[in-house]
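Take a walk through this model, beginning with how its chains meet. The surfaces near the DNA come afterwards.

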There are 2 protein chains.
Amino acid sequence: MSEPDSITPPPTAGAPRRKRTDEIVDAIKRMIVEHGLGPGDRLPQERDLIAQFAAGKGTVREALKALEVQGLISVRTGPGGGAFIERMSEGRAMSLLSNFLFAKNLSIANIYEMRKVLEPQVAASATPHIDEAGLNRLEAIIRIYDHEPADATERWNQRMAELDFHGVVAEYSDNPILAFTCRFLQRLLKDLTIAQDIYVQPEPVSRESGIRHQRELIAAMRRRDAKAASAILTEHMAEAEQHMLTLQAKLMDRFLTEDAAPARSRKRRIA
Amino acid sequence: MSEPDSITPPPTAGAPRRKRTDEIVDAIKRMIVEHGLGPGDRLPQERDLIAQFAAGKGTVREALKALEVQGLISVRTGPGGGAFIERMSEGRAMSLLSNFLFAKNLSIANIYEMRKVLEPQVAASATPHIDEAGLNRLEAIIRIYDHEPADATERWNQRMAELDFHGVVAEYSDNPILAFTCRFLQRLLKDLTIAQDIYVQPEPVSRESGIRHQRELIAAMRRRDAKAASAILTEHMAEAEQHMLTLQAKLMDRFLTEDAAPARSRKRRIA
DNA sequence: AGATATTTGTTCGTATGTATT
DNA sequence: TAATACATACGAACAAATATC
């Protein structure tokens, strides 16, 4: 069991009295689990909740807003409207997590330290489940970057597609938390401004070698060889990490030799 | 001063008009980044925000509630009170993430698939940074479970302490996202009801072997041998995973041979 | 410790917006 | 188009918390 839920407002004297809004949030959460409500099910209407909790409209609305931000419900107007149970989207979960990591100043190295062990795992766990449609999607993505980019924009699109390749692989994993983590790391790489600077550099990753690895991966998955898939990605990640780190070093160096005051803030930001 | 909101709501016909509350949430977020506000800094008071946005009190309060749930601000009453910039706590980030994974039905195997590659990494990254105080904390934790438990409660406490051991190791990692992920996986293990059932079984993990690994880890960290630390944890995790999976299998088997309708819901729940 | 001032927290009546029929 | 059912928004009055003197 975790901690703060259910049990009645602790009469602990010193503690500041529980705020009405938070009480209602918890009460609604309990209502959800007790009634076994699932996605699509509707909560009582605003005015019924007001009656049920003997609370003011504003208070109930704040509680519903809190639940909405947590991705637990969504609210619709109109007849038949009201608060409906939702399952949180992956995108919202990632945004919320980004808020947490915002202050933590992540580096490329931090992210690749995880990627290099997780991507091989996720590829192995996807291997038994990916179907021909998935493999075709992967091949289509490779075609986005199997040639020299015409300009900086295309180069950037190619880098994003390269990350999407791994995102599609993760989609077929049967391990939800592993897949989520890998996809989150990919999003982080898209968002980190340092990474963005790197992506407009020429050749962030050796093209032929990267594509070769990815084609080998597709072949390995096609013959359901999870072990090979994992090994290929281990090599691929080591290579990618190497490229990113040397590029980051070069980039840093370039900044250090520039004018003392770079125009825009260099603070790394996420989301 | 300048302008930036003013631009009228995108005349996109089909799109449902932007809700006032969400506009204010975004406006405040922009205010935070534009003014470069950091933890501890104060936002304008409620009544000033009401004036500034020409909005109703309830609307502004809903917006502040949304920001509060996202962990971006906290609000205090009294003189000098108001909304203050916060950095999201690790605990809140974990709760939010749990909400996302709630519906995903994680298994012990899913979690250990990640733990077995991440715990070695996090130990290696902590090795250069852990100090004598940290090593002493680890030794103190081991003492909680270096002996046979007297009853089921103590057995459960011992299992929790065993997870805390790895949590402390992660604290000393210099990789924020890796450390967070490991600690989150540990929390998941504490919360999964299936795991809870396992923990009250005798000997969820071979005691002597586990403690031996952990003592070896402390020794390796003390001599700053990151490679050894990583190798020890690889072995430790493989062993722990094995124990957990066989215990889970036994547990499942026991349920299958019980009455058809077990008393309480077996739905795995998180948080 | 008590009084007071400041600021958020809660309630309610009313009006407006939006989707369904 | 109109009627209906629902959320969304506003604002005024009052309650509760907390810092300061």
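Two residues are in contact if their C-beta atoms, placed from the backbone, lie within 7 Å. The model examined here is predicted.

Start where the two protein chains touch. Chain A puts 33 residues into the contact, and chain B puts in 34 residues. On the side of chain A that touches chain B, four helices each supply at least two residues: α3, α4 (90-101), α5 (108-126) and α8 (176-191). Of these, α5(A) gives the most, with seven residues. By class, this side of chain A has 18 nonpolar, nine polar and six charged residues.

How are the two copies related? A rotation of 180°, with 0.1 Å of shift along its axis, superposes chain A on chain B. The RMSD of that superposition is 0.2 Å. The two copies are therefore related as by a two-fold rotation axis. The contact follows suit, since the same surface serves both copies. Of the contact residues of chain A, 97% recur in chain B.

Now turn to the DNA. DNA strand C is surrounded by 27 residues. The closest are A:R20, A:G56, A:G58, A:T59 and A:G78. Both chains take part in the surface near this strand. From chain A, α1 (20-34) and α3 each supply at least two residues, and from chain B, α2 (46-53) and α3 each do so. The residues of this surface divide into five nonpolar, 14 polar and eight charged.

DNA strand D has 25 residues around it. Which of them come nearest? They are A:E46, B:R20, B:G56, B:T59 and B:G78. Here α2 (46-53) and α3 (57-69) of chain A each supply at least two residues, together with α1 (20-34) and α3 (57-69) of chain B. With three residues, α3(B) gives the most to the surface near DNA strand D. By class, that surface has five nonpolar, 13 polar and seven charged residues.

Next, look inside chain B at a pair of helices. The axes of α7 (residues 152-171) and α8 (residues 176-191) of chain B come within 9 Å and cross at roughly 170°. That angle makes α7(B) roughly antiparallel to α8(B). On the α7(B) side, the contact is made by B:M160, B:L163, B:H166, B:G167, B:A170 and B:E171. Facing them from α8(B) are B:A179, B:C182, B:R183, B:Q186, B:L189 and B:K190. This helix contact has six nonpolar, three polar and three charged residues.

Finally, consider confidence in chain A. Its average pLDDT is 85, and 82% of the residues score at least 70. Two stretches need care. Over residues 1-14 of chain A, pLDDT stays under 50, and the model has six contacts beyond four places in sequence for them. Over residues 257-271 of chain A, the pLDDT is below 50 as well. Beyond near neighbours in sequence, that second stretch has 18 contacts in the model.

Technical notes: Residues are numbered from 1 along each chain as its sequence is written. Chains are lettered from A and ligands numbered from 1 in the order in which they are written. This is a predicted model: local features need pLDDT of at least 70, side-chain atom pairs count only at pLDDT 80 or more; totals for chains, interfaces and linings use all residues. A residue is near a molecule or strand if its C-beta atom, placed from the backbone, lies within 6 Å of it. Ala, Val, Leu, Ile, Met, Phe, Trp, Tyr, Cys and Pro count as nonpolar, Asp, Glu, Lys and Arg as charged, and the others, Gly among them, as polar. Axes are lines fitted to C-alpha atoms, for helices over the stretch in contact, and angles run from 0 to 180 degrees between N-to-C directions. Angles under 35 degrees count as roughly parallel, over 145 as roughly antiparallel, 65 to 115 as roughly perpendicular and the rest as oblique. pLDDT is the predictor's confidence in each residue, from 0 to 100. Copies are superposed by least squares on the C-alpha atoms of residues with pLDDT of at least 70 in both.
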